[in-house]
Amino acid sequence: MPVEIDRVLCLSCGACVGSCPTESITLVDTWIEFDDSCISCGVCVTVCPAAALRLPEKEIGPFKDPKTGEEFVREYPCKDGTPKGGVCE
Amino acid sequence: MKELTCDMLVIGAGPGGSTTARYAAERGVDVLMIEKRQEIGAPVRCGEGIARIWLNELGIEPDDAWISKEVDGARVISPSGHILEMNEKMAGNETGYVVERDLFDQYLARTAVKAGSELMVKTMATGLKQLDDGVEVKTTGIHGDMRIKAKVVVGADGFESRVAGWAGIDTRLPPEHVNTCLQYRMMNIGNAEEFNDFYAGECAPGGYVWVFSKGDGEANVGIGVQASLLNGYGGVKYYLDKFVKKHPFLSKGTIIEVVGGAVSVGPPPDETMKGNVLLVGDAARQIDALTGGGVVNACDAGKVAGNVIADAVESGKVNEEALKPYESGWRERMEKMLVRNYIAKEKILTMSDDFFDRIILALQEVEIERVTTLDILTAVQKKDPELVEELADLL
Ligand SMILES: Cc1cc2nc3c(=O)[nH]c(=O)nc-3n(C[C@H](O)[C@H](O)[C@H](O)COP(=O)(O)OP(=O)(O)OC[C@H]3O[C@@H](n4cnc5c(N)ncnc54)[C@H](O)[C@@H]3O)c2cc1C
Ligand code: SF4
Ligand code: SF4
């Protein structure tokens with residue numbers, strides 16, 4: 001499980017759960033759990049409103065959609081003025 | 001492992017689940033509703049704006065127990081501060097009441113239980129299997145591990161829905177169709193007594209900032225931002241903090257609660273049921289992509305689902321064929337609006353701050369009855385004909 005979580009920051013909001021393309025995250029009442037189907041795409045990291053999630057490395061893909069088999073890459077806007085977080089240089 | 005059977009199992013006791021349960025139970029269906037949280041509705045994930053008209057339609061008596069403020073309308077505020085005031089009729093689904101969502105959700109769950117539905121909180125669904133004659137759901141929680149066999153399962157498990165995937169319905173969202181939200185409940189703020197305010201423009205890429213008054217100098221100050229327009233981590237918080245800092249009436253306030261969440265902002269999915277499993281509310285992505293409002297839609301679809309299921313149970317044949325009227329029924333009620341507002345949102349995405357200012361300025365001076373696309377275009381045409389060309393594809 002490559003995604004790191006700061007449980008003090010987590011709001012138990014489920015935003016990451018519903019955004020994960022591989023359905024690898026579960027919210028057990030207030031506790032976030034990742035399973036090993038995670039493909040390190042970083043969507044949850046971007047989506048998390050509490051900035052509670054991190055991926056140690058920048059991940060852009062290509063990733064494989066486990067359901068459709070299609071490949072996809074992550075594109076980050078990296079506009080000026082936005083914070084350059086863990087997965088976007 | 002404990003084994004249970006029922007006519008209808010509802011997974012998730014949010015507004016969608018509770019309304020489905022209530023309508024089915026009122027017609028004598030044997031309903032069980034399970035909710036994984038220890039307290040229904042908490043922690044809150046909502047701006048808490050709800051339309052007044054709609055409560056009447058569902059026969060819900062407004063109750064001070066869960067209403068924190070009645071508001072007279074909404075205002076849209078452009079990047080340079082031009083204000084468009086809308087009365088309740090124009091403003092649509094998110095104004096009328098600002099509620100306490102946790103208490104509101106609990107109230108809806110109580111009405112379901114009063115109608116005869118069973119409820120188990122702190123009970124989480126962990127898997128689902130379609131059978132020839134129904135659905136089997138595995139659960140865990142304070143009632144121990146259970147296997148529940150139901151004729152129909154309603155997935156009302158919200159944005160984070162797992163029921164959809166288990167049932168073979170693909171409702172996954174690309175980052176372009178996710179607006180991720182952060183909200184501060186603030187006190188000691190000076191403004192925003194009467195209105196629900198929406199701030200449009202680059203302050204919230206692909207979304208907006210809302211300030212919903214809760215009375216007494218308190219308000220929900222929240223932001224929704226399109227996930228694909230964010231870098232790395234912390235983007236949502238960055239934009240909300242920037243907004244609060246920029247507005248003196250807010251920056252002096254105190255944050256007394258932090259709320260997170262996400263809403264889907266894509267077009268409605270192709271299918272919201274499979275076999276004997278129906279999806280309701282956020283699980284079915286029945287959310288208004290323009291406003292992010294979904295409480296009303298979840299309840300509306302829940303009412304349709306509850307009645308369709310009751311019909312099926314009464315007829316003695318509970319199968320996909322008998323349940324199909326749900327798919328057409330909810331679409332009849334809201335699909336057009338969902339599609340129209342999705343297209344409008346996509347258009348708004350391409351607008352610059354300057355463009356927003358011009359639209360709000362143009363609209364300010366024209367009396368419009370309702371904010372429909374056509375009314376906006378007609379109004380804008382009178383004021384700023386050039387704008388209309390750029391808006392033309394909305395037609
Ligand atoms: C920040 C934010 C602000 C919003 N503001 C507004 C607003 O102002 N007005 C408005 O109309 N809408 C608003 N919305 C949208 C609104 O909150 C949703 O549309 C609404 O909650 C949908 O109701 P629902 O019943 O479908 O799902 P939910 O209310 O999400 O309920 C789903 C329930 O299912 C439970 N559940 C999930 N998985 C399981 C499982 N495996 N087992 C058992 N239980 C489970 C959950 O715990 C939850 O209680 C907002 C959303 C967010 C995130
Ligand atoms: S990194 Fe991607 S695959 Fe892994 S949990 Fe997050 S969203 Fe899911
Ligand atoms: S999105 Fe962030 S705050 Fe919300 S549940 Fe996931 S980790 Fe927690």
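In chain A of this predicted model, 47% of the contacts with a separation of 6 or more join residues 24 or more positions apart. The chain holds 2 helices and 6 strands. Read from the N terminus, their order is β-α-β-β-α-β-β-β. Chain A has 89 residues, and 47% of them count as buried. Its exposed area is about 4,300 Å². Carbon and sulfur atoms account for 50% of that area.

Ligand 2 is surrounded by 13 residues. Those that come nearest are A:Cys20, A:Cys38, A:Cys41, A:Gly42 and A:Cys44. The shell around ligand 2 is made up of 10 nonpolar and 3 polar residues. Charged residues are absent from the shell of ligand 2.

Around ligand 1 there are 37 residues. B:Gly16, B:Glu35, B:Gly47, B:Gly49 and B:Asp282 come nearest to this ligand. Sorted by class, the shell of ligand 1 comprises 16 nonpolar, 12 polar and 9 charged residues. Both domain 1 (2–45 + 102–173 + 268–336) and domain 2 (70–97 + 174–264) of chain B contribute to this shell, so ligand 1 lies between them.

Individual atoms of chain B can be paired with atoms of ligand 1. For B:Lys36, a backbone N or O atom is 3.2 Å from a nitrogen atom of ligand 1. For B:Gly292, a backbone N or O atom is 3.4 Å from a nitrogen atom of the ligand. B:Arg37 instead places a polar side-chain atom 3.1 Å from an oxygen atom of ligand 1. On its own, ligand 1 has 990 Å² of accessible area, and the protein covers 95% of it. Six elements of chain B are listed as giving two or more residues to the shell: the helices α1 (15–26) and α8 (295–315), and the strands β2 (31–35), β9 (123–131), β14 (208–215) and β16 (254–264).

A further site in chain B concerns B:Ser78. This residue sits in the loop between β5 (73–77) and β6 (83–87). B:Ser78 counts as buried because its relative accessible area is 2%, under the 20% cut-off. Leaving aside residues up to four places away in sequence, B:Ser78 touches B:Phe356, B:Asp357 and B:Ile360. With B:Asp357 there is also a polar contact between side chains, at 2.6 Å.

Conventions
Residues are numbered from 1 along each chain as its sequence is written. Chains are lettered from A and ligands numbered from 1 in the order in which they are written. This is a predicted model: local features need pLDDT of at least 70, side-chain atom pairs count only at pLDDT 80 or more; totals for chains, interfaces and linings use all residues. Side-chain values use heavy atoms; hydrogens and water are left out. A residue is near a molecule or strand if one of its heavy atoms lies within 4 Å of it. A polar contact is a pair of N or O atoms within 3.5 Å; within protein, one must be able to donate a hydrogen and the other to accept it, and residues adjacent in sequence count only if both atoms are side-chain atoms. Accessible areas come from the Shrake-Rupley method with a 1.4 Å probe; for residues, only the protein chains shown count as cover. Helices (H or I, at least four residues) and strands (E, at least two) are DSSP runs, numbered from the N terminus. Ala, Val, Leu, Ile, Met, Phe, Trp, Tyr, Cys and Pro count as nonpolar, Asp, Glu, Lys and Arg as charged, and the others, Gly among them, as polar. Domain bounds come from an automatic or database domain assignment. Buried means under 20% relative accessible area, exposed over 50%, partly exposed in between (1.4 Å probe, protein chains only). Contact means heavy atoms within 4.5 Å.
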